[in-house]
Amino acid sequence: MKVSSRTILITGGSKGIGFALAKEFHKLQNKVIICGRNMEQLEKAKNKLGDIEIIQCDLSKDSDLLDLVDKVRTSYGDLSLLINNAGVQLCYDFTEVNIESALEKIDWELKINLNSLIKLNLLLLPLLQKSSSGGIVNISSGLAIVPKKSAPVYCASKAAVHIFSQALRYQVEDQYTNISVFEAMIPLVETDMTKGRGRGKISPEQVVKEIVHAIVKNRFEIYVGKAKLLVWINRFFPGIAKKIMRDI
């Protein structure tokens, strides 16, 4: 797939992996649109990158989702690539947590990590269909394959993104031959979300380098960094994979 001279929407694009994606695709001469909850962070990203477009949007709210889609449809009707990058990870133990607060956390985490991703795929598919070569990139995680103990809802949401991406790819293959559905399974990355968690992190820039290379090569399931090794270990030595991932 071509990765230049396109119009690209990146959710969660003001920092971390999203910002690194925006920076790389901007460098490749694309029209880049990023969205996020924090307007100050969005403006900082725009000041660093220059001529990108920013849209404030809380993906946990359906009204904001619909407004985002309306703005993209109205102002950027030539959208050709959607990158669902936004995500949050909350760590808590179901055996000890306060139930009332946990119910709110579960709902919020699933809305951002899973519900909004599915809804944006649905709502923007008609727009992507108009492109001669449209694409969707759903960012998931190696935790979709082998979970860790501390973040059960996050792991569940990424496993759901993995299966959803496969099923959507089947539908698109049958109906829209001009649209490709990619999924990027990433390892532990050095971002604000992972501060104080785990070791052996890779940089957002390395993640983006591998994702862009795979898109160019039309590799629809993208295993980034150590996620490749994790999949291999889990296939042949699932017990070892569980021990490695359980308490990271």
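This report describes the nonpolar cores, one cavity and several individual residues of a predicted model.

**Nonpolar cores**

The largest nonpolar core of the model holds 33 residues, and Phe25, Ile83 and Ile215 are the ones with the most contacts inside it. Two or more residues are given to this core by each of the strands β1 (7-11), β2 (31-36), β4 (81-84), β5 (134-141) and β6 (179-186), and likewise by the helices α1 (16-27), α2 (39-49) and α6 (204-216). A second core, separate from this one, has 28 residues, with Leu9, Ile55, Leu59 and Tyr76 among them. In soluble globular proteins, nonpolar side chains tend to be buried together.

Ile83 can serve as an example of the surroundings within the largest core. When neighbours within four places in sequence are left aside, Ile83 is in contact with Ile8, Leu9, Ile10 and Thr11, with Leu21 and Phe25, and with Val137 and Ile139.

**The cavity**

Rolling a probe the size of a water molecule over the atoms shows where empty space is left. A search of the whole structure finds 1 cavity of 30 Å³ or more, and the space in the largest cavity is about 30 Å³. Its lining is formed by Thr11, Leu59, Asn84, Ala86, Ile112, Asn113, Ser116, Leu117 and Leu120. Helix α4 (residues 99-129) supplies the largest share of that lining, with 5 residues. By character, the lining residues of the largest cavity comprise 5 nonpolar and 4 polar residues, with no charged residue.

**Two buried residues**

Leu79 is placed in the loop between α3 (62-75) and β4, and this residue counts as buried because its relative accessibility is 0%, under the 20% limit. Not counting residues up to four places away in sequence, Leu79 touches Thr7, Ile8, Leu9, Val72, Leu124, Leu127, Leu128 and Ser131. Between Leu79 and Gly135 there are 9.4 Å in space, C-alpha to C-alpha, although the two are 56 residues apart in sequence.

Ile186, in strand β6, is also classed as buried, because its relative accessible area of 9% falls under 20%. With residues up to four places away in sequence not counted, Ile186 touches Ile17, Ile139, Ser140, Ser141, Gly142, Val207, Val224 and Ala227. Ile186 and Lys228 are 42 residues apart in sequence, and their C-alpha atoms are 9.0 Å apart in space.

**A loop asparagine**

Asn178 lies in the loop between α5 (152-175) and β6. A polar atom of the Asn178 side chain lies 2.6 Å from the backbone oxygen of Ser131. Leaving aside neighbours within four places in sequence, the residues in contact with Asn178 are Leu128, Gln129, Ser131, Ser132, Ser133 and Gly134. Ser131 is also one of the residues touched by Leu79.

**Positive phi angles**

Most residues other than glycine have a negative phi, and most peptide bonds are trans. The table gives two residues other than glycine whose phi is positive.

| Residue | Phi | Place | Relative accessibility |
|---|---|---|---|
| Ser5 | near 55 degrees | segment before β1 | 55%, exposed |
| Gln29 | near 65 degrees | loop between α1 and β2 | 61%, exposed |

Ser5 counts as exposed because its relative accessibility of 55% is over 50%, and Gln29 is exposed for its relative accessible area of 61%, which is also over 50%.

How values were computed: Residues are numbered from 1 along each chain as its sequence is written. This is a predicted model: local features need pLDDT of at least 70, side-chain atom pairs count only at pLDDT 80 or more; totals for chains, interfaces and linings use all residues. Side-chain values use heavy atoms; hydrogens and water are left out. A nonpolar core is a set of buried Ala, Val, Leu, Ile, Met, Phe, Trp, Tyr and Cys residues joined through side-chain atoms within 4.5 Å. Buried means under 20% relative accessible area, exposed over 50%, partly exposed in between (1.4 Å probe, protein chains only). Helices (H or I, at least four residues) and strands (E, at least two) are DSSP runs, numbered from the N terminus. Contact means heavy atoms within 4.5 Å. On a 1 Å grid over the protein atoms alone, a cavity is a set of points where a 1.4 Å probe fits but cannot get out, and a pocket is an open set with protein on both sides within 12 Å along at least five of seven lines; lining residues have an atom within 4 Å of a point. Grid points are joined across faces, edges and corners, and a volume is the space filled by probe spheres set on the points. Ala, Val, Leu, Ile, Met, Phe, Trp, Tyr, Cys and Pro count as nonpolar, Asp, Glu, Lys and Arg as charged, and the others, Gly among them, as polar. A polar contact is a pair of N or O atoms within 3.5 Å; within protein, one must be able to donate a hydrogen and the other to accept it, and residues adjacent in sequence count only if both atoms are side-chain atoms.
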